[in-house]
Each structure stands twice: as C-alpha cells, then as structure tokens.
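Please take a moment to look over the sequence together with the three-dimensional model. The paragraphs that follow lead from one side chain to its helix, then to the ligand, and at last to a loop.

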Amino acid sequence: MRKPIVAGNWKMNGNRSLVSEFSSLMHGVDADAVDVIICPPACFLGSFVAPDFALGGQTLSELDNGAHTGDISAEMLKEFGCRYVIVGHSERREDHCESNALVAAKALKAIESGLVPIICVGESLATREAGELEGFLAAQLDALTVSLTAEQLSKTVIAYEPIWAIGTGVTASPEQAQDAHAFIRGHLAKFDANVAANIQILYGGSVKADNAEELFAQADIDGGLIGGASLKVDDFRKICQAAG
Ligand code: PEP
C-alpha cells in the first residue's frame with residue numbers, strides 16, 4: 001500500500017506572510033491519508049513554526065561543505081527541519097546544467113544524510129513528439145540505478161514531470177500520465193521488482209484543485225508535486241484532500 005504524497009514546490013516565490021498563511025494548511029486534511037510536504041525557498045525554512053506538515057529543500061549539493069558559494073548542504077537542510085529534498089527538477093537541470101549523473105550524486109548524498117530525495121524525471125515536448133519518451137525516461141532512471149542500490153532506491157520518491165506541462169496550464173491527461181508512470185514503474189521493476197511495486201511516483205505539471213482527483217485516481221500515480229497551485233493555501237489544501 002503506497003501512501004500518497006502531495007509536495008508543494010514554491011520555487012523562487014513566497015515571503016514570510018505566505019509562510020504564516022500556511023500555518024493552518026492541514027485544517028481539513030487527513031494526515032493519516034496523505035503526507036504533505038512544503039518546499040519553500042531555503043531562506044524561509046526557519047520561519048515555519050512547528051508545521052504540521054513536512055518540510056523539504058528544493059535542491060542540495062552533492063558535497064558536504066566548503067567553498068561552494070550559494071550552495072546548500074544536506075546537513076543544513078536537516079538542521080532546518082527538512083525531511084525531504086527535491087532533486088533534479090527540470091528547471092535545475094536546465095538553468096544549472098544538472099546532468100543525470102549529478103542528479104544521481106545529489107540523490108545519493110540526500111539518502112546518505114537521511115533525507116528523502118524526490119527525484120524528478122520528465123521529457124520535453126520535442127522528445128515526446130519525436131517518439132522518444134520511453135528511451136528518455138529510461139536514461140534518466142538508469143542513471144539512478146547504476147549509482148544507487150535497491151535499498152537506497154527504496155528510500156526515494158520519483159516525480160514524473162513532463163516539462164511541457166510545468167507551469168504551462170497544459171496538464172498531461174490522466175491516461176498520458178498513467179502511461180508514463182506505468183512505464184517508470186515497469187522500468188524500475190527490471191532493477192528490483194519489490195522496490196518498483198512500493199516506490200511512490202508523483203505526477204507534476206499544472207496540477208490544480210479541479211484536476212487533481214482524476215490524476216490521483218490513476219493506478220500508478222501516488223500523489224503530486226505541485227508548483228503554481230502550491231502558492232495558494234486554499235487550492236493547495238484542496239489538492240491535498242484530493243490525494244487523501
Ligand atoms: C513543478 O515545477 O514542479 C510544477 C509541477 O509546476 P506547476 O504545478 O506550476 O506546473
């Protein structure tokens with residue numbers, strides 16, 4: 001039985017007043033039915049007072065510490081109460097040239113440090129239209145399975161985020177999303193069937209309060225990674241309720 005997860009990725013948005021609005025996020029959300037995570041900009045992590053949801057970072061360094069201006073370590077995230085960290089978001093892959101190998105190294109660092117990495121995979125529209133979806137996803141997943149043991153992989157969450165659906169308002173149809181999730185689970189099963197059966201795979205890409213339920217009802221979709229709609233507490237709460 002895979003417990004659904006709904007994670008909000010604030011990206012480079014928000015302020016202290018938004019942090020306060022989220023103090024009542026879990027009112028009406030069944031915490032036994034869904035795990036809720038907020039990933040704010042790192043500078044706001046310390047502003048949440050005893051949140052009744054989990055906190056996550058938006059990225060981390062694959063290194064422990066040192067002369068790496070602007071980077072943030074796993075231990076720093078943990079010190080500010082994070083249990084999760086997003087790894088390999090397509091915006092990081094693109095804006096910061098994060099390769100599949102670097103994403104795997106960051107995921108490994110998170111796991112070794114006791115953080116759960118939410119590892120993002122997903123294709124561009126051009127890749128999908130060229131019929132290369134499965135090969136592309138397989139390469140992203142294979143970079144993980146060459147670096148992680150089955151036990152380590154079991155301590156991760158995967159997020160399928162088609163790039164063409166992120167922030168565009170164009171959501172993958174439930175069938176498109178389910179097909180990609182089933183492919184991901186099937187591909188991971190070649191590495192370890194038990195891990196594949198139990199790993200949570202989140203969908204991300206223009207999830208809104210009015211389309212979440214249909215997406216989350218799909219057999220291989222175990223919740224969502226939410227960008228824009230995670231900045232409005234009422235909308236985000238509805239999405240959490242749709243998962244639980
Ligand atoms: C994201 O960036 O992870 C995301 C899914 O964004 P949005 O929900 O805004 O499409």
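Arginine 237 has a relative accessible area of 14% in this predicted model, and because buried means a value under 20%, arginine 237 counts as buried. This residue belongs to helix α11, and if its neighbours within four places in sequence are left aside, arginine 237 is in contact with Ser24, Leu25, His27 and Val29.

Helix α11 itself covers residues 233-243, and Arg237 shares its buried state there with Val233, Phe236, Ile239, Cys240 and Ala243. When the helix is seen down its axis, these buried residues fall within an arc of 160°, so they line one face of α11. A general rule helps in reading such a pattern: an α-helix has 3.6 residues a turn, so residues three or four places apart point the same way. What, then, covers the buried residues of α11? The cover includes two helices, α1 (16-21) and α10 (212-216), along with the strands β1 (5-9), β2 (35-39) and β8 (223-226).

From the helix we can turn to the ligand, which has 14 residues around it, and of these Lys11, His89, Glu161, Gly167 and Ser206 come nearest. Sorted by class, the shell around the ligand is made up of eight polar, four nonpolar and two charged residues. Several polar contacts can be followed atom by atom. In histidine 89, an N or O atom of the side chain is 2.8 Å from an oxygen atom of the ligand, while in glutamate 161 a polar side-chain atom lies 2.7 Å from a ligand oxygen atom. Glycine 167 takes part through its backbone, where a polar atom is 2.6 Å from an oxygen atom of the ligand. Taken alone, the ligand exposes 290 Å², and the protein buries 97% of that area.

The last stop is serine 154, which is found in the loop that runs between α7 (150-153) and β6 (157-160). Is serine 154 buried, exposed or partly exposed? Its relative accessible area is 43%, so serine 154 is partly exposed, since that term is used for values between 20% and 50%. A polar atom of the serine 154 side chain lies 2.5 Å from the backbone oxygen of glutamate 151. Serine 154 can also be compared with isoleucine 111, for the two are 43 residues apart in sequence, and in space their C-alpha atoms are 9.9 Å apart.

Note on methods:
Residues are numbered from 1 along each chain as its sequence is written. This is a predicted model: local features need pLDDT of at least 70, side-chain atom pairs count only at pLDDT 80 or more; totals for chains, interfaces and linings use all residues. Side-chain values use heavy atoms; hydrogens and water are left out. Buried means under 20% relative accessible area, exposed over 50%, partly exposed in between (1.4 Å probe, protein chains only). Helices (H or I, at least four residues) and strands (E, at least two) are DSSP runs, numbered from the N terminus. The arc is that of the directions from the helix axis to the C-beta atoms. Contact means heavy atoms within 4.5 Å. A residue is near a molecule or strand if one of its heavy atoms lies within 4 Å of it. A polar contact is a pair of N or O atoms within 3.5 Å; within protein, one must be able to donate a hydrogen and the other to accept it, and residues adjacent in sequence count only if both atoms are side-chain atoms. Accessible areas come from the Shrake-Rupley method with a 1.4 Å probe; for residues, only the protein chains shown count as cover. Ala, Val, Leu, Ile, Met, Phe, Trp, Tyr, Cys and Pro count as nonpolar, Asp, Glu, Lys and Arg as charged, and the others, Gly among them, as polar.
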